[in-house]
Amino acid sequence: MKDAIALLKQDHANVKAMFKEFEGLGERAFTSKKKLADKICLELTRHATAEEELFYPAVRAASKEAEDLVDEATVEHSSAKDLIAQIGEMDPHDELFDAKVKVLGEYINHHVKEEEGEMFPLAKKAALDLQALAREIEARKEEIEFVPPRMPQARGGQAGRVRA
């Protein structure tokens, strides 16, 4: 069984490969693009949900040093989720479909570099049971079967929290 960090790194590698595959699809491969974009969005939703509900709180509780990194990562997830929702609502023939998927990929690459370069080393130093956390993350990811639709903006600009 992988530990939580190895599991999350594997997710990162899998999604990076999917973005690379997307870039390699022909301009007119609309059906393939939509299927792959949906798959990317689902995997990112599963990953982000598990991180936000399980990994980030554990890291925050175990490492005072990681608090700011967890806050930043949570904000980055929020922006990524907005793009994911936009992509999910789009048709692959839409003018900005490819651009939004590309920007999401660039955004995720930036986020992954920060997590793997800064947060994961702090998590390794902290007294966390990374094996147990990996089991919880796997179980949570398996529960998520769809990408939640974008939530309408509530008063005060706070989007509602979605639990898949």
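This is a short talk about how the helices of one predicted protein model pack together.

Hi everyone, and thanks for coming. Let's start with the overall picture. What does the secondary structure of this chain come to? It comes to five helices and zero strands. If you read along the sequence, the pattern is α-α-α-α-α. The chain has 164 residues, and 43% of them are buried. Now take the contacts between residues at least 6 apart in sequence: 76% of those join residues at least 24 apart.

Before we look at pairs of helices, one bit of background. Two packed helices are described by the angle between their axes and the distance between the axes. Keep those two quantities in mind as we go.

First pair: α1 and α2. Helix α1 covers residues 4-24, and α2 covers residues 30-62. How far apart are the axes of α1 and α2, and at what angle do they pack? The axes are 10 Å apart, and the angle is about 160°. The two helices are therefore roughly antiparallel to each other, and their crossing is left-handed. On the α1 side, the residues making the contact include Leu 8, Val 15, Phe 19 and Phe 22. On the α2 side, they include Leu 36, Ala 37, Ile 40 and Leu 44. Sorted by class, this contact has 12 nonpolar, two polar and six charged residues. Among the charged ones you can look for Asp 11 on α1 and Lys 33 on α2.

Next, helix α3, residues 67-89. This helix has 23 residues, and the distance from its first C-alpha to its last is 33 Å, close to the 33 Å expected at 1.5 Å a residue. Which residues of α3 are buried? Among them are Leu 69, Val 70, Ala 73, Glu 76 and His 77, and further along Ala 80, Leu 83, Ile 84 and Ile 87 also belong to the buried set. Here is a handy thing to remember while you look at those numbers. An α-helix has 3.6 residues a turn, so residues three or four places apart point the same way. And what do the buried residues of α3 pack against? They pack against α2 and also against α4, which is residues 97-125.

Let's stay with α3 and α4 for a moment. Their axes come within 10 Å and cross at roughly 160°. That angle makes α3 roughly antiparallel to α4, and α3 passes α4 in a left-handed crossing. The contact of α3 with α4 has 15 nonpolar, five polar and six charged residues.

Now I'd like to zoom in on one residue of α4, Val 101. Is Val 101 buried or exposed? Its relative accessibility is 2%, so Val 101 counts as buried. Leaving aside neighbours within four places in sequence, Val 101 is in contact with Phe 19, Phe 22, Ala 37 and Ile 87. You have met these partners already: Phe 19 and Phe 22 take part in the contact of α1 with α2, and so does Ala 37, while Ile 87 is one of the buried residues of α3. Val 101 and Ile 87 are 14 residues apart in sequence, and their C-alpha atoms are 7.1 Å apart in space.

Last pair: α2 and α5. Helix α5 is residues 130-143, and its axis and that of α2 come within 9 Å and cross at roughly 150°. That makes α2 roughly antiparallel to α5. What is the handedness when α2 passes α5? This crossing is right-handed. Among the residues making the contact are Arg 46, Ala 50 and Leu 54 of α2, along with Leu 133, Ile 137 and Lys 141 of α5. The class split is six nonpolar, two polar and five charged.

Let me finish with Arg 46, which lies in α2. With a relative accessible area of 18%, Arg 46 is buried. Not counting residues up to four places away in sequence, Arg 46 touches Lys 141, Ile 144 and Glu 145. Glu 142, in helix α5, is exposed at 59% relative accessible area. Glu 142 is 96 residues from Arg 46 in sequence, yet the two are 7.8 Å apart in space, C-alpha to C-alpha. Glu 143, also exposed, has a value of 51%, and the C-alpha atoms of Glu 143 and Arg 46 are separated by 8.5 Å.

Thanks for listening!

Key:
Residues numbered from 1 in each chain as written. Predicted model: local features only at pLDDT ≥ 70, side-chain atom pairs only at ≥ 80, totals over all residues. Heavy atoms only, no water. Helix = DSSP H or I, 4+ residues; strand = E, 2+ residues; numbered from the N terminus. Expected span 1.5 Å × (residues − 1). Buried < 20%, exposed > 50% of the residue type's maximum accessible area, 1.4 Å probe, protein only. Contact = heavy atoms within 4.5 Å. Axes fitted to C-alpha atoms, helices over the stretch in contact; angles between N-to-C directions. Parallel < 35°, antiparallel > 145°, perpendicular 65-115°, else oblique. Left-handed = near helix turned anticlockwise from the far one by under 90°.
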